[in-house]
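Here's a walk through a protein model, written for someone who likes to poke at the atoms. Keep the viewer open and follow along.

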Amino acid sequence: MQADKTKVPQNILVLGIGNVLWADEGFGVRCVETMAQTYSVPANVRLMDGGTQGLYLLPFLEECDALIVFDAVDFGLEPGMMVTLRDKDVPAFMGAKKMSLHQTGFQDVLATAELMGYAPAYLTLIGCQPEEIEDYGGGLRQVVSDQIQPAIAECIRELQRWDVAVVPGRTDSEDLADVSIQRGAYENGRPDEDEACRIGDHRFFPSAAKVRA
């Protein structure tokens, strides 16, 4: 089914995807979280932490006619550089060079939605080049963290193109991560590296244990 792009979208999903456990992989999730904490959006805009849910996100795509995605994407650029892609460029690019398993899953989501005839008429990807994704339990690197506000500003500009008013404030949503794993609690509560192995359990990685000995 051909997506209808003749109308201003009425139901909009703003989705942050990624895995906060792997440093800059959490960029998308932190963007939508910060947006909910600092801006108020109208009832027809849904802010959601999509995490790494993959095909479980299909029902939410079925309900929307416009989708904006925040994500960490390997564009092959300098860390922290931001790129915005729209419509057909989004699934094509995400399929070209996958940074992690969640991108494979989300590409499948888009393809399945298209096949079933309810792909959003409007699709926007706001992506940031990561610096580090191999640090298990790590937070965003500064160069990536600095792009959260510019990414949100880009999202707001996109919403304004669709006649959506966004104002400073707060958006309460049950579709966001529990407060215990939101950025402040997560990053400030991280144990010291001597207490928490960054590359796996030393009982199963003897070489890591030797380095620490």
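## A guided walk through the fold

D163 is exposed, because its relative accessibility is 65%. Keep in mind that this is a predicted model. D163 sits in the loop that runs between α6 and β7 (167-168). Its backbone is worth a look too: phi of D163 is near 65°, a positive value in a residue other than glycine. As background, most residues other than glycine have a negative phi.

D163 also has a partner from the other end of the chain. Leaving aside neighbours within four places in sequence, V8 is in contact with W162 and D163. V8 belongs to the segment before β1, and with a relative accessible area of 36% V8 is partly exposed. The C-alpha atoms of V8 and R161 are separated by 8.8 Å, although these two residues are 153 residues apart along the chain.

Let's zoom out for a moment. The protein chain has eight helices and seven strands. Of the 213 residues in the chain, 46% are buried. Among contacts with a separation of 6 or more, 81% are between residues 24 or more positions apart.

Now for the inside. In soluble globular proteins, nonpolar side chains tend to be buried together. Here the largest nonpolar core has 30 residues, and those with the most contacts inside it are V14, F27, M35, F70 and L159. Which elements supply at least two residues each of this core? They are β1 (12-17), α1 (27-38), β3 (45-51), β4 (66-72), β6 (122-128) and α6 (148-161). The largest share, six residues, comes from α6.

V14 makes a good vantage point. Not counting residues up to four places away in sequence, V14 touches V32, M35, V45, R46, L47, M48, I68, F70 and C155. There is also a second, separate core of 21 residues, which includes L58, L85, F106 and L125.

Next, turn to a pair of helices that both feed the largest core. Two packed helices are described by the angle between their axes and the distance between the axes. For α1 and α6, the angle is about 65° and the axes are 10 Å apart. The two helices are therefore roughly perpendicular to each other, and their crossing is right-handed. On the α1 side, the contact is made by F27, R30, C31, T34 and M35. On the α6 side, I148, Q149, A151, I152, C155, I156 and L159 take part.

You may have spotted a cysteine on each side of that contact, C31 and C155. A disulfide is a covalent bond between the sulfur atoms of two cysteines. How many disulfides does the structure hold? Zero. C31 is in no disulfide, and the nearest cysteine sulfur, that of C128, is 7.7 Å away. As for C155, the closest cysteine sulfur is in C31, and because the separation is 9.0 Å, it is too far for a bond; the cut-off for a disulfide is 2.5 Å. Both cysteines are tucked away from the surface: C31 counts as buried at 0% relative accessibility, and C155 is buried too, with a relative accessible area of 0%.

A few loop positions round off the tour. A23 is in the loop between β1 and α1. Is A23 buried or exposed? With a relative accessible area of 1%, A23 is buried. Like D163, A23 is a residue other than glycine with a positive phi, near 50° in this case.

Another loop, the one between β3 and α2 (58-63), holds Q53. Q53 counts as partly exposed, because its relative accessibility is 36%. From C-alpha to C-alpha, Q53 and N19 are 9.9 Å apart in space, with their positions 34 residues apart in sequence.

Finally, visit S145, which lies in helix α5 (residues 142-145). S145 counts as buried because its relative accessibility is 13%, and the cut-off for buried is under 20%. Not counting residues up to four places away in sequence, S145 touches L140 and R183.

Methods
Residues are numbered from 1 along each chain as its sequence is written. This is a predicted model: local features need pLDDT of at least 70, side-chain atom pairs count only at pLDDT 80 or more; totals for chains, interfaces and linings use all residues. Side-chain values use heavy atoms; hydrogens and water are left out. Buried means under 20% relative accessible area, exposed over 50%, partly exposed in between (1.4 Å probe, protein chains only). A nonpolar core is a set of buried Ala, Val, Leu, Ile, Met, Phe, Trp, Tyr and Cys residues joined through side-chain atoms within 4.5 Å. Helices (H or I, at least four residues) and strands (E, at least two) are DSSP runs, numbered from the N terminus. Contact means heavy atoms within 4.5 Å. Axes are lines fitted to C-alpha atoms, for helices over the stretch in contact, and angles run from 0 to 180 degrees between N-to-C directions. Angles under 35 degrees count as roughly parallel, over 145 as roughly antiparallel, 65 to 115 as roughly perpendicular and the rest as oblique. A crossing is left-handed if the near helix is turned anticlockwise from the far one by less than a right angle, and right-handed if clockwise.
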